[in-house]
Amino acid sequence: MSVTEQYLLDLHRARRHGEPLPPAPGAHDWQVVRELRDERRFRAVLEGRPARGRLRRGLRRRLGRRLGRWAHPRPRTTRATC
């Protein structure tokens, strides 16, 4: 039985029993991947390894304004005048 067939069977059963419909296959895959990655990075910080990615950017954004030294200045854009 394929994933689609199983989903249609679950959909049919849920409708017959008046239960909430199951999410479509793959509907939340990217959110699950992000949460797993964030959890792995969070555990790395607890173990004393450096933070990377979204967690590090979030910390830099929160603490950088207060401490100043962690915040990276945005590169200045130069506009060409004609």
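This passage describes the helices, the surface and one charged pair of a predicted protein model.

The protein chain contains 3 helices and 0 strands. Read from the N terminus, the order of elements is α-α-α. Confidence varies along the model. The mean pLDDT of the protein chain is 79, and 72% of the residues score at least 70. Among the elements, helix α1 has the highest mean pLDDT, at 93. Helix α3, which covers residues 54–67, has the lowest, at 70.

Little of the chain is buried by the cut-off of under 20% relative accessible area. Buried residues account for 7% of the 82 residues. The accessible surface of the protein chain is about 8100 Å². Carbon and sulfur atoms supply 53% of that surface.

Helix α1 runs over residues 3–17 and has 15 residues. From its first C-alpha to its last, α1 reaches 21 Å. That is close to the 21 Å expected at 1.5 Å a residue. Gly 18 follows α1 and has a positive phi, near 70°. Within α1 lies Gln 6. Its relative accessibility is 31%, so Gln 6 counts as partly exposed; the partly exposed class lies between the 20% and 50% cut-offs. Gln 6 can also be placed against Pro 25, which is 19 residues away along the chain. The C-alpha atoms of Gln 6 and Pro 25 are separated by 9.7 Å.

Helix α2 spans residues 29–46, a total of 18 residues. At 1.5 Å a residue, α2 should therefore span 26 Å. The C-alpha atoms at its ends are 26 Å apart, which agrees with the expected value. After α2 comes Gly 48, whose phi is also positive, near 95°.

Helix α2 also holds a charged pair. Side chains of opposite charge can pair when their charged atoms come close. A search of the whole structure finds 1 salt bridge. Glu 39 forms a salt bridge with Arg 43. The closest N and O atoms of Glu 39 and Arg 43 are 2.8 Å apart, against a cut-off of 4 Å. Both residues lie in α2, with their positions 4 residues apart in the numbering, about one turn of the helix. An α-helix has 3.6 residues a turn, so residues three or four places apart point the same way. Glu 39 has 36% relative accessibility and therefore counts as partly exposed.

Key. Residues numbered from 1 in each chain as written. Predicted model: local features only at pLDDT ≥ 70, side-chain atom pairs only at ≥ 80, totals over all residues. Heavy atoms only, no water. Helix = DSSP H or I, 4+ residues; strand = E, 2+ residues; numbered from the N terminus. Buried < 20%, exposed > 50% of the residue type's maximum accessible area, 1.4 Å probe, protein only. Areas by Shrake-Rupley, 256 points an atom, 1.4 Å probe, with all protein chains shown as cover. Expected span 1.5 Å × (residues − 1). Salt bridge = Lys/Arg side-chain N within 4 Å of Asp/Glu carboxyl O. pLDDT = per-residue confidence, 0-100.
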